Amino acid sequence: MAKQKNIYSKIRAETIRMIESTEGYEVEFKESVSSLTPEDIVAFANGNGGAIIIGVKELDKKKSQRGEIIGCEISDRVKRTILNKAYSCNCLLYTSPSPR
């Protein structure tokens with residue numbers, strides 16, 4: 001249990017709440033950056049937003065899909081990989097003029 005407290009000490013309370021709740025329209029768990037796809041990013045952009053949390057494993061795919069922190073590398077290379085996946089999204093943005 002002491003190890004878990006140490007892990008959680010560097011994570012925001014809101015993120016812990018999302019990990020302890022279930023995966024759904026507002027939260028998606030990814031074990032690694034390699035499992036993140038541009039389609040995942042577009043799905044959240046087309047919805048109501050949300051969070052894709054990398055370094056979290058789904059505990060039970062049949063039931064509630066709660067998360068377990070497994071960790072992941074955080075480096076400039078990994079951050080660039082995430083940004084490149086986001087930039088590679090080919091999606092149309094529809095805008096409407098707002099009255100002045």
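**Exercise 1. Glu-58 and its surroundings**

Does Glu-58 count as buried or exposed, and at what relative accessibility? Work it out, then place the residue in its element and list its contacts.

Solution. The model is a predicted one, in which local features need pLDDT of at least 70 and side-chain atom pairs count only at pLDDT 80 or more, while totals for chains, interfaces and linings use all residues. Residues are numbered from 1 along each chain as its sequence is written, and side-chain values use heavy atoms, with hydrogens and water left out.

Step 1: the classes are set by relative accessible area, with buried meaning under 20%, exposed over 50% and partly exposed in between, for a 1.4 Å probe and protein chains only. Step 2: Glu-58 counts as buried because its relative accessibility is 17%. Step 3: the residue is found in strand E3, residues 56-58, where helices (H or I, at least four residues) and strands (E, at least two) are DSSP runs numbered from the N terminus. Step 4: leaving aside residues up to four places away in sequence, Glu-58 touches Glu-23, Phe-29, Gln-65 and Arg-66, a contact being heavy atoms within 4.5 Å.

**Exercise 2. The chain as a whole**

Describe the order of the elements, the burial and the surface of the chain.

Solution. Step 1: the chain has 4 helices and 4 strands, and from the N terminus on they run α-α-β-α-β-β-β-α. Step 2: of its 100 residues, 24% count as buried. Step 3: when contacts between residues at least 6 apart in sequence are taken, 55% of them join residues at least 24 apart. Step 4: the accessible surface comes to about 8000 Å², and 53% of it belongs to carbon and sulfur atoms; these areas come from the Shrake-Rupley method with a 1.4 Å probe, and for residues only the protein chains shown count as cover.

**Exercise 3. The nonpolar core**

Identify the residues of the largest nonpolar core and the elements that supply them.

Solution. Step 1: a nonpolar core is a set of buried Ala, Val, Leu, Ile, Met, Phe, Trp, Tyr and Cys residues joined through side-chain atoms within 4.5 Å. Step 2: the largest one has 8 residues in all, namely Met-18, Ile-19, Val-27, Phe-29, Ala-51, Ile-53, Val-56 and Ile-69. Step 3: two or more of these residues come from each of H2, strand E1 (27-30) and E2. In soluble globular proteins, nonpolar side chains tend to be buried together. Step 4: Thr-15 is also found in helix H2 and counts as buried because its relative accessibility is 17%; its C-alpha atom is separated by 8.3 Å from that of Ile-53, 38 residues apart along the chain.

**Exercise 4. Two pockets**

Set out the volume, lining and residue classes of the largest pocket and of the second largest pocket.

Solution. Step 1: on a 1 Å grid over the protein atoms alone, a pocket is an open set of points where a 1.4 Å probe fits, with protein on both sides within 12 Å along at least five of seven lines, and lining residues have an atom within 4 Å of a point. Grid points are joined across faces, edges and corners, and a volume is the space filled by probe spheres set on the points.

Step 2: the largest pocket holds about 400 Å³ of space and is lined by 18 residues, of which Ile-54, Gly-55, Gly-71, Cys-72 and Ile-74 lie nearest its centre. Helix H2 (13-20), strand E2 (51-54) and helix H4 (76-87) each give two or more residues to this lining, and H4 gives the most, with 3 residues. By class the lining has 11 nonpolar, 3 polar and 4 charged residues, where Ala, Val, Leu, Ile, Met, Phe, Trp, Tyr, Cys and Pro count as nonpolar, Asp, Glu, Lys and Arg as charged, and the others, Gly among them, as polar.

Step 3: the second largest pocket holds about 170 Å³, and its lining includes Glu-28, Asp-40 and Phe-44. Helix H3 (residues 38-46) gives the most to that lining, with 3 residues, and the classes there are 3 nonpolar, 4 polar and 3 charged.

**Exercise 5. Phe-44 and Glu-28**

Compare the placement and contacts of these two lining residues.

Solution. Step 1: Phe-44 lies in helix H3 and counts as buried because its relative accessibility is 13%, whereas Glu-28 lies in strand E1 and counts as buried at 19%. Step 2: beyond residues up to four places away in sequence, Phe-44 touches, among others, Tyr-25, Val-27, Glu-28 and Ala-51, and Glu-28 touches Glu-23, Phe-44, Ala-51, Ile-52 and Ile-53.
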